[in-house]
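Subject: Structure handover

Hi,

Here is the structure I promised to pass on to you. My notes on what I found follow just below it.

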Amino acid sequence: MESSVQSQPNVVDSSFRTPSGHHAERLIAIRQEMEYLNTIGKRFVAAIDRIQVHRALLAALQELYSFSACCILLKGDPFELFVIPCYPLDASFLGSMFQHISNAASRLNFPYMTPVQLARSAYFDAPDELAQTRTEGDIAESEIGSYLHIPLTVENRIIGMLSLFDEKTDTFNANLLQLTTMIADYAAVALENVRLHERENALWREAELERMRLELIIGSMAEGLLITDEKGTITSLNKSGEQLLSEALDDLTPGVPLHKIAETSSISWLPRLGEIIGQALAGNTVKSQEMVAGKEEERVPLTLSISAAPLHDASESSSRPLGVVAVLNDITSNKQVERLKDDFVSVVSHELRTPLTAIKGYTQHLVRRIERRLRKLRDDPNNTVSIAELPESYDLRSLSIVQSQTEHLERLVNDLLDLSEVQWGHLNLHYDTFYLADLLTESARSVQASAEQHHISLDIKAHDTKVQADRVRIGQVVGNILDNAVKYSPNGGQVSMHLEEQEDNYIVSISDQGMGVSPEQFDHIFERFYRVHNTASQHFSGIGLGLYVAKAIIDQHGGRIWLSSDQRTGSTFHFTLPREPAPQ
Amino acid sequence: MLPTHDDSSSISREQVTEAYLKAIGLIDERVAPYLGKATTRALVQGAARRIRGTYPFLEYLVNRPYTDVVLSVIHEQLSGTPPEELAEGLNMLLDECFAGLRELTGDLIGPPLHDEVTHQLRQWQ
């Protein structure tokens, strides 16, 4: 039975079953050994949890030895220790076991663990069906008679240690050591598989919990959330989304892209929704697009603000989007408030205009009367008093101030009335044929009269500037832009107007040398009541309607208005105006 | 305790290092079929950790397997260590490895291997 370590170290010594060196017997022994290994291999392969691995290990080892306990120490943070006693063990025997395991683990360069730590964390697993029966009268020993510690390795990596203990001496021998190591290797691979399986299950559970959490969040969102695939087919719509799009729910056939549904649906707003999704599918992020998703005949129909963004694969951001995620916000209540505000502004503007007209008229009447009286006094040869010192002269100056402030108030009221007209969609244009160059010249002259610090120039690069448009309204646009140019360049400077012709349009550009507009304000500058938010703007009068009304006028003419600005050199407003209105 | 060379001062550091690395290789060769390829490496690392306080030059072996040791690099690192101290430290390392082997398997494979390594070391030195 003895085997020399030096001799034939790589050959499995099967002398424990057949000591004969005869060839046939040797073959039989090898076959038996292979069958044995095959049997225990199957047990380990079939094991899907730690307990089953422990049973397979115990069963395999018990075929080789009769021992008191088997322990499995697994590295990790925290480490794990499983103790599988074959029968009840004496407490001091157990204590010695932990001491042995601690020492052996230290020798294998495991992180240091004391016997007490091992005892506290030990998990006892005692399978009854494999328990050995003690001979009657046997008393549990308190000393360890023999031991064996074998590293558990997976791909040359030590993952733990198998320890065997027995009360008797010489239980383990060198001849069975290789076989025991093979069993330990099986156990190590099986335990590693179990660990990976447990990890996989834990990850699945984690992913499932995360998915449920996300589902709950999406389901509880007050905003609607709509997700499509790469073709624009709705793949997910949360509860709020269903409520917001309830009018079209019957039409939203599963598996059909939105733009296809929109082609056949009677729902008026579906094409708009399809268009927004289409923009995002083209790779653009769409922000706060308004869409009326209710019945137009309602005073304030259901109105949604939609933001949509393309969904890209995390690894390939430049490729075609995998779909679109869109957030739908119900802004109907905002619209109701806006509507109320517009109504209020409209009513107040009209109410203000009537007394203003009276004030303006009577002021003008008083001015003329005083002027007549002063003329008489000036012409009277008997008058010895200086005209400037007459009370009438003081009255005239006061009335001039009243007149000027009334005109300012009238402009504000007119702006508010224009706002109402734009809001209600009643901005009526009165088309006329005129020369745009003449209008620009008149506007420049009018503004120049009250802007002594500025020099307004006009550069016309067009042969024929005849245009069919609303002369008053276009004059209002040019006036508003020029007023801004003068107002926001308080140190004076050049204000340049350029007129160019394109195929069917004229382009007018008005540049100043003022404070300019920062890029983040470009998107908002044409919004109503928007004023450039910098400290300097607080010193400038106005209610932020001029550019809003200008844009509405240009839009209605079929043109376009935009801004280019550099805060170092000033602002340039451009607008295009078609030579003649587009056919309706 | 493994016997050191009778006249260690007459041999160079390089000879000492190579002799002990060969001895560890021999242990590995004999132990691997019984306890797997990783065992000797772990035993050497564990042994180096235990005695690095006394022999700081063994620190080099604590964080890497002895099979990764590059002779030219370790020769350079050991240049300041006297050959006697080097032999003593490496001898202690081998003793600790055998103690570790005994801790794992009792007397199953340690004693005959100890004899073989002792014999071979005498020849290599």
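Strand β16 (residues 561-566) of chain A runs antiparallel to β17(A), and 6 bridges join the two. This is a predicted model, so please read everything below with that in mind. A hairpin of 3 residues links β16(A) to β17(A), and A:Asp566 has A:Gly570 in β17(A) as its bridge partner. On top of that, β17 (residues 570-578) pairs with strand β15 (residues 505-511) of chain A, again antiparallel, through 7 bridges. If you want a spot to look at in that pairing, A:Ile507 stands opposite A:Thr576 in β17(A).

There is also an open sheet for you to look at. Its 5 strands come in the order β7-β6-β10-β9-β8 (chain A), with antiparallel pairing. The edges are β7 (234-237) and β8 (286-292) of chain A; each has a single partner strand, so one side of each is left without a neighbour in the sheet. From one strand to the next, the twist averages 25°. Within this part of chain A, strand β9 (residues 303-311) and strand β10 (residues 323-330) run antiparallel and are joined by 8 bridges. One of the residues to click on there is A:Ser307, whose bridge partner in β10(A) is A:Val327.

For the wider picture of chain A, the count is 13 helices and 17 strands. Chain A has 584 residues, of which 27% count as buried. Among its contacts with a separation of 6 or more, 62% are between residues 24 or more positions apart.

One helix I checked is α2 (residues 50-62) of chain A. Does its length agree with what a helix of that size should give, or disagree? At 1.5 Å a residue, its 13 residues should span 18 Å, and the end C-alpha atoms are 18 Å apart, so the two agree. The buried residues of α2(A) are A:Val53, A:His54, A:Ala56, A:Leu57, A:Leu58, A:Ala60 and A:Leu61. What covers them includes α1 (23-46), β1 (69-74), β2 (80-85), β5 (157-166) and α5 (177-220) of chain A.

That leads on to the nonpolar cores. In soluble globular proteins, nonpolar side chains tend to be buried together. Here the largest nonpolar core has 81 residues, and those with the most contacts inside it are A:Leu57, A:Ala69, A:Cys70, A:Cys71, A:Ile183 and A:Ala187. The largest share of this core, 9 residues, comes from α5(A). Not counting residues up to four places away in sequence, A:Leu57 touches A:Cys70, A:Ile183 and A:Ala187. Another core, of 35 residues, lies apart from this one, and its members include A:Val467, A:Ala469, A:Val495 and A:Tyr506.

A single residue that you may like to look up is A:Asp459, in strand β12 (residues 454-461) of chain A. Is A:Asp459 buried or exposed? It has 11 C-beta neighbours inside 10 Å, and therefore counts as exposed. Leaving aside neighbours within four places in sequence, A:Asp459 is in contact with A:Ser496, A:Met497 and A:His498. Of these, A:Met497 is 38 residues away from A:Asp459 in sequence, while their C-alpha atoms are 6.0 Å apart in space.

Now to the other chain. Chain B has 5 helices and 0 strands, and along the sequence it reads α-α-α-α-α. Of its 125 residues, 38% count as buried. Residues 24 or more positions apart make up 72% of the contacts in chain B with a separation of 6 or more.

Finally, the place where the chains meet. How many residues does each chain bring to the contact? Chain B contributes 23 residues and chain A contributes 27 residues. On the side of chain B that touches chain A, the elements giving two or more residues are α1 (13-35), α2 (38-51), α4 (83-105) and α5 (110-124) of chain B. The largest share of that side, 7 residues, comes from α2(B). By residue type, the side of chain B that touches chain A divides into 11 nonpolar, 7 polar and 5 charged.

Happy to go through any of this with you whenever it suits.

Best wishes

Methods: Residues are numbered from 1 along each chain as its sequence is written. Chains are lettered from A and ligands numbered from 1 in the order in which they are written. This is a predicted model: local features need pLDDT of at least 70, side-chain atom pairs count only at pLDDT 80 or more; totals for chains, interfaces and linings use all residues. Two strands pair if DSSP finds at least two bridges between them. Helices (H or I, at least four residues) and strands (E, at least two) are DSSP runs, numbered from the N terminus. Axes are lines fitted to C-alpha atoms, for helices over the stretch in contact, and angles run from 0 to 180 degrees between N-to-C directions. The expected span of a helix is 1.5 Å times one less than its number of residues. A residue is buried if 20 or more other C-beta atoms lie within 10 Å of its own, exposed if 12 or fewer, and partly exposed in between; C-beta atoms are placed from the backbone. Two residues are in contact if their C-beta atoms, placed from the backbone, lie within 7 Å. Ala, Val, Leu, Ile, Met, Phe, Trp, Tyr, Cys and Pro count as nonpolar, Asp, Glu, Lys and Arg as charged, and the others, Gly among them, as polar. A nonpolar core is a set of buried Ala, Val, Leu, Ile, Met, Phe, Trp, Tyr and Cys residues joined through C-beta atoms within 7 Å.
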